[in-house]
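Colleague: I'm new to reading protein models. Could you walk me through this one?

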Amino acid sequence: MTQIAPLDKIRNIGIIAHIDAGKTTTTERILYYTGKSYKMGEVDAGSAVMDWMEQEQERGITITSAATTCFWLGHRINIIDTPGHVDFTVEVERALRVLDGAIGIFCAVGGVEPQSETVWRQAEKYHIPRIAYINKMDRMGADFFSCVKMIKERLGGYPVLMQLPLGSENKFQGIIDLLKLKAIIYEEESLGAKFFERDIPKEFSPEVETYRTALLEAVAELDDELMEKYLSGQELSVIELEKTIRRGTINNKILPVFCGASFRNKGVQPLLEAIVKYLPSPLDIPAITGVNPYTQEQEKREANAESPFSALAFKIMNDPHVGHLHFIRVYSGTLSAGSSIFNSSRETKERVGRLLNMHANKREEATEVRAGDIAAVIGLKKTLTGDTLCVKENQIIFEAIKFPGPVISVAIEPKTQSDQEKLILALNKLSQEDPTFVVKVDKDSGQTIISGMGELHLEVITERVSREFNVMANISNPQVAYKETISQQTRGEGRFIRQTGGRGQFGCVSLKIAPLCRGEGFIFENQIVGGTIPREYIPAVEKGVREAIESGILAGYPLVDLKVSLLDGAFHEVDSSELAFKIAASMALKEAVKKANPLLLEPIMQVEAVVPGEFVGEVMADFSSRRGKVTGMDFRAGARVINAVIPLAEMFGYATSLRSTTQGRANFSMQFSHYGEVPIHIAEQLILGTNALYRKKKTVA
């Protein structure tokens with residue numbers, strides 16, 4: 001049974017970073033030193049506790065965020081280890097939504113890499129207090145101060161050095177604590193479990209003095225009393241400094257920076273101390289705000305086990321034995337196993353079967369969970385990711401988690417027709433787990449289309465279908481998730497009139513459409529005054545418009561970034577119906593879009609290639625041939641870093657091309673940047689190809 005910790009002794013933290021910065025390795029060391037694991041798991045050997053999925057062990061990457069709990073210095077630390085690959089950004093987004101603090105891990109060689117920036121922005125969005133850990137100080141090319149400079153310039157943080165590395169690369173021995181002014185040396189024989197405090201070697205004294213002064217000045221600026229004391233030449237105690245650093249970290253005014261080499265078992269215990277000392281407890285963060293579904297007014301839920309129960313479901317995991325596990329963050333109150341709760345997002349009652357504390361894929365039964373806890377629930381039937389759970393007598397709805405839309409699609413079909421139903425069931429279960437994975441059936445061809453965040457994302461999904469659900473499937477080549485939009489303001493009218501022997505159908509709708517800025521999505525506005533369309537038919541008009549924008553007029557791709565205003569209409573007292581207005585609205589929208597100079601949009605990716613100097617010309621020429629635009633160049637660890645924006649359509653198979661161009665010595669990463677207009681000559685080919693395919697499908701049918 002997991003012990004109950006007071007709220008001020010709980011830390012809910014996430015580990016966030018670019019791929020291969022050492023998140024999982026650091027987490028494995030934390031589990032070992034806190035006694036949660038009896039031996040260290042290794043990513044390369046496929047033995048990492050937190051990478052429990054077969055695909056994670058085979059590929060050596062984290063695919064799904066894993067939660068665990070450990071104890072250090074009397075504190076309970078709930079940790080979520082998140083993936084670094086951009087294809088699994090959903091896992092980072094939903095973890096950060098429910099966490100109180102985070103550790104940003106940076107590679108001492110690579111510094112601030114593209115996905116580091118992405119996860120940092122996600123943490124900024126939720127105002128998550130963070131500390132930084134510069135890992136891999138033992139690696140060739142490690143540069144602690146260059147990494148700190150990149151944190152300041154690229155992430156806009158205010159890094160405050162808490163430690164200095166004692167040597168670097170193959171001479172990295174340990175760390176220098178700038179608060180206690182001690183060198184910490186690790187014992188190799190005990191796998192870093194034993195370490196010794198020593199006096200700082202004399203050759204480091206000038207550097208230590210410089211950065212100790214910078215630390216004191218940065219901390220003194222956070223507190224007027226401390227500043228007075230510092231300026232008057234008085235000694236600042238370690239306790240005073242730690243309290244002020246904690247306050248500054250929680251208020252996101254400073255970013256304490258630590259260092260180490262997790263793989264070599266150096267620097268992890270001081271990092272654990274930093275988690276306890278500087279990252280917030282549930283009591284240190286502002287009370288969560290939600291909306292009362294009856295009054296529509298904002299309400300707060302304080303972190304208190306005695307308050308009415310409220311929680312957010314942030315992740316669903318499929319289990320072959322018990323069905324779905326729902327991960328929840330409890331914000332207030334207490335939840336007991338076997339009790340009934342209310343899903344205020346869906347206005348439905350749910351029953352809690354069992355409560356579990358999770359350690360990766362292992363479970364520990366719990367009789368209750370309290371405010372501040374992260375746990376898993378078995379037995380919820382209708383709850384989805386982002387739903388609010390509460391007591392019916394005291395309802396609240398927290399802000400749902402927003403996820404990016406998919407950018408790539410493939411058609412999938414079972415190898416045997418008898419597996420068709422099993423395939424659909426498997427895909428639906430996986431789409432419940434992952435909101436960025438979308439399943440739909442093409443109306444014209446009858447094909448099942450799956451969409452996701454990248455080639456790796458869909459590859460992993462397909463593997464899971466075969467391994468977890470025993471359904472062998474074939475997939476088509478990847479297709480880009482194009483979208484359509486409009487470029488000018490127009491109006492359109494739709495009249496749906498059907499007269500038969502009995503009651504007919506009558507609906508007349510007049511709409512105005514206008515383009516929005518990229519990424520603004522869709523807005524519907526009712527501008528009718530005077531009742532030319534009765535109020536009860538307005539929702540039907542909006543529904544008709546929303547259904548119509550799912551397929552544009554150029555090539556059938558979804559319409560985005562437009563505002564639709566309902567201006568006028570007409571109705572018949574007997575013949576009008578919701579169906580008539582829904583169809584009329586759809587007709588009006590399509591007529592308006594035809595006159596609005598529609599455009600085709602494509603996903604544009606931010607690409608970063610790390611290339612040896614002699615291959616820069618070939619790589620840049622290749623980028624140009626792929627319709628890419630170079631946005632910047634930099635140096636990193638003796639290599640050139642080329643940044644570019646390139647359409648996703650041109651990036652399929654690029655990994656193989658880059659390897660052959662650079663003799664396997666370069667690597668790249670890419671992430672979604674924005675949607676941009678497709679050049680006219682390519683758009684024409686796409687539209688012709690889509691329409692030809694459509695005509696072929698109709699002929700076959």
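What follows is a chat about this model, going from overall build to single residues.

Modeller: Sure, and keep in mind that this is a predicted model.

Colleague: How many helices and strands does the protein have?

Modeller: Let's start with the frame: the C-alpha atoms fill a box of roughly 100 × 65 × 60 Å along the principal axes. Inside that frame, the count comes to 16 helices and 38 strands.

Colleague: What radius of gyration does the protein have, and what would a compact globule have?

Modeller: The chain has 701 residues, and a compact globule with that many would come out near 27 Å. The protein agrees with that, because its own value is 28 Å.

Colleague: What share of the residues is buried?

Modeller: A residue is called buried if its relative accessible area is under 20%. The accessible surface as a whole is about 31,500 Å², and 50% of it belongs to carbon and sulfur atoms. Of the 701 residues, the buried share is 54%.

Colleague: How many residues of helix α9 are buried?

Modeller: Helix α9 covers residues 268–278. Among its buried residues are Val268, Leu271, Ile275 and Tyr278. The helix is largely enclosed by the rest of the structure, because the buried ones number 9 of the 11.

Colleague: Why do Phe145 and Tyr211 count as stacked?

Modeller: A search of the whole structure gives 13 aromatic pairs. In the pair of Phe145 and Tyr211, the ring centres are 5.1 Å apart. Planes under 30 degrees apart count as stacked, and here the angle is 20°.

Colleague: Which parts of the chain does that pair tie together?

Modeller: Phe145 is partly exposed at 29% relative accessibility, and Tyr211 is partly exposed at 26%. Phe145 and Tyr211 also form one aromatic cluster with Phe144. The pair ties together parts that are 66 residues apart in sequence, because Phe145 lies in helix α5 and Tyr211 in helix α6.

Colleague: What is the angle between the planes of Tyr331 and Phe398?

Modeller: These two rings lie 5.5 Å apart, centre to centre. Their pair is edge-to-face, a label that needs planes over 60 degrees apart. The angle here is 70°.

Colleague: Are Tyr331 and Phe398 buried or exposed?

Modeller: Tyr331 sits in strand β15 and Phe398 in strand β24, so their pair links parts 67 residues apart in sequence. The relative accessible area is 9% for Tyr331 and 2% for Phe398. With the limit for the label at under 20%, Tyr331 is buried and Phe398 is buried.

Colleague: Which residue lies over the face of Trp120?

Modeller: This one is about a charge sitting over a ring. It is found 4.7 Å from the ring centre of Trp120, and the residue is Arg130.

Colleague: How many disulfides does the search find?

Modeller: A disulfide is a covalent bond between the sulfur atoms of two cysteines. The sulfur of Cys107 has its closest cysteine sulfur in Cys147, but at 7.6 Å that is too far for a bond. Cys107 is buried, at 7%, while Cys517 is exposed, at 51%. Over the whole structure, the number of disulfides is 0.

Colleague: Which residues does Leu384 contact, leaving aside its neighbours within four places in sequence?

Modeller: Leu384 is in the loop between β22 and β23, and at 29% relative accessibility it is partly exposed. Its contacts beyond those neighbours are Ala313, Ile316, Arg346 and Gln432.

Methods. Residues numbered from 1 in each chain as written. Predicted model: local features only at pLDDT ≥ 70, side-chain atom pairs only at ≥ 80, totals over all residues. Heavy atoms only, no water. Phe/Tyr/Trp six-rings, centres within 6.5 Å; stacked < 30°, edge-to-face > 60°. Helix = DSSP H or I, 4+ residues; strand = E, 2+ residues; numbered from the N terminus. Buried < 20%, exposed > 50% of the residue type's maximum accessible area, 1.4 Å probe, protein only. Lys NZ or Arg CZ within 6 Å of the ring centre and 35° of its normal. Rg over C-alpha atoms; globule rule 2.2 N^0.38 Å. Areas by Shrake-Rupley, 256 points an atom, 1.4 Å probe, with all protein chains shown as cover. Disulfide = S-S within 2.5 Å. Contact = heavy atoms within 4.5 Å.
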